[in-house]
Amino acid sequence: MSFDALLFLSFGGPEGPEEVRPFLENVTRGRGVPPERLDEVAEHYHHFGGVSPINRLNREIMAGLQEQLRAEGRDLPVYWGNRNWHPMIEDTVARMAEDGVRRALVFPTSAWGGYSGCKQYHEDIVRAREAVGEQAPDLVKLRQFFDHPLFVSANADAVRRAYADLGDTEARLVFTAHSIPLRADSAQGPDGRPEWYSRQIAESARLVAEEAGVETYDVVWQSRSGPPHVPWLEPDVVDHIEELHAKGVASVVVSPIGFVSDHLEVVWDLDNEAAEKAAELGMGFARAGTAGDDPRFAKMIVELISEHVDEVRPRKLSLMPAAGCGRNGEACSPGCCTSVNG
Ligand SMILES: CC1=C(CCC(=O)O)c2cc3nc(cc4[nH]c(cc5[nH]c(cc1n2)c(C)c5CCC(=O)O)c(CCC(=O)O)c4C)C(CCC(=O)O)=C3C
Ligand SMILES: [Fe+2]
């Protein structure tokens, strides 16, 4: 099938102190996040002058992508829209319509299923198309890429580099991903089984550890939000480092497999909080890089595109079914990425 453009769809982030609050209001509208948590997260952003690294990282990925597309002779223009901050997806889709785009592929900057990683991006697509009306282009979202060989290799090499930097082959490998409420993780995948998100994280971790040649590893969580009485995926990475220390582990390599690039959560919760905890305990600590700035990441996006344009067979390392692809916001299968009780 032919497409006129690619929409690069991301989370968005503030680019100055005055943008932090309105950005956070957009992220948490109707999500039941307590104001104390918002104050705390606002502080994290202000620590970096109110500028999230996410937009710069996304611009870099898009530049690399545009270059790779050109090198392969595909003149697909790349548009950029976000869920929570400018450029907002509604404005971008309006511009695409004005430019005459009739049908576009959408690359979301999340490897995962579940509400935050997949369903909410479908909702963004629906909202933007409704805002634009009849002229809105058809938007086909690309699939979840948690087990794509290029994503796995980029992460595995980052883990290898972290081990080399630390100079301790005995360090414990700890993968982290964004925690979500247990109820959200009850969401099923296209295989009809629950915990699609945490099962994908476990599978990516297994594949990356295997390719990096590391036998023993843990999967833990970070960046918990929400009110304290609501159960989220545990343990938290900082608590886990304490526990490893109590068990006599001397050093850790932390791989933020759950993030495609060095977002604020990565630089704050890992490079600050987790690193500080390790230092306090006298443990060795190295944080592995993320896949986004590896040229293989842009190459992977090109491959995901060609699955649709050239009907190339999806490259996947796991036996878990391909998921997350849908047209104009429809889910890939009934009930996929929707949690039990909504
Ligand atoms: C699974 C997942 C991903 C990975 C998939 C994907 O990438 O999409 C992700 C990514 C991101 N999350 C981000 C930022 C935030 N997430 C928040 C809140 C929340 N995230 C959640 C989950 C996820 N989040 C959840 C369940 C909440 C609770 C509120 C709700 O149910 O929606 C809040 C509110 C404050 C707080 O409570 O932390 C902020 C500011 C940024 C940008 C960072 C930057 O600026 O560099 C990125 C890439
Ligand atoms: Fe988040």
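**The open sheet**

In this predicted model, begin by selecting strands β5, β6, β7 and β8, which form an open sheet in the order β6-β5-β7-β8 with parallel pairing. Colour β6 (217–222) and β8 (284–287) separately: these strands stand at the edges and have a single partner strand each, so one side of each is left without a neighbour in the sheet. Looking across the sheet, one finds neighbouring strands turned against each other by 25° on average, direction ignored.

Next, select β7 (residues 251–255) together with β8. The two strands run parallel and are joined by four bridges. Display V254, which stands opposite R287 in β8.

**Helices on the sheet**

Add helix α6 to the selection. This helix packs on the sheet, where it touches β5 (172–178), β7 and β8, and its direction makes about 155° with that of β7. Then add helix α9 (residues 237–246), which also packs on the sheet; its contacts are with β5, β6 and β7, and its direction makes about 140° with that of β6.

**From α6 to α11**

Keep α6 (residues 149–166) displayed and select helix α11 (residues 295–309). The axes of the two helices are 9 Å apart, and the helices pack at an angle of about 175°. With angles over 145 degrees counted as roughly antiparallel, α6 and α11 are therefore roughly antiparallel to each other. To inspect the contact itself, show side chains for L150, F151, S153 and A154 in α6, which meet R296, F297, K299, M300 and E303 in α11. Colouring by residue class gives five nonpolar, one polar and three charged residues in the contact of α6 with α11.

**Ligand 1 and its shell**

Now centre the view on ligand 1. Which residues come nearest to ligand 1? Of the 25 residues around it, these are G13, S52, S225, H263 and L264. By class, the shell comprises 10 nonpolar, 12 polar and three charged residues.

To relate the shell to secondary structure, select α1 (17–28), α2 (35–46), α5 (115–132) and α10 (264–280), each of which supplies at least two residues of the shell around ligand 1. The largest share, three residues, comes from α1.

Finally, colour the chain by domain, with domain 1 as 5–145 + 294–327 and domain 2 as 149–291. Where does ligand 1 lie with respect to these domains? Both domains give residues to the shell, so ligand 1 lies between them.

Technical notes:
Residues are numbered from 1 along each chain as its sequence is written. Chains are lettered from A and ligands numbered from 1 in the order in which they are written. This is a predicted model: local features need pLDDT of at least 70, side-chain atom pairs count only at pLDDT 80 or more; totals for chains, interfaces and linings use all residues. Axes are lines fitted to C-alpha atoms, for helices over the stretch in contact, and angles run from 0 to 180 degrees between N-to-C directions. Angles under 35 degrees count as roughly parallel, over 145 as roughly antiparallel, 65 to 115 as roughly perpendicular and the rest as oblique. Two residues are in contact if their C-beta atoms, placed from the backbone, lie within 7 Å. Ala, Val, Leu, Ile, Met, Phe, Trp, Tyr, Cys and Pro count as nonpolar, Asp, Glu, Lys and Arg as charged, and the others, Gly among them, as polar. Two strands pair if DSSP finds at least two bridges between them. A residue is near a molecule or strand if its C-beta atom, placed from the backbone, lies within 6 Å of it. Domain bounds come from an automatic or database domain assignment.
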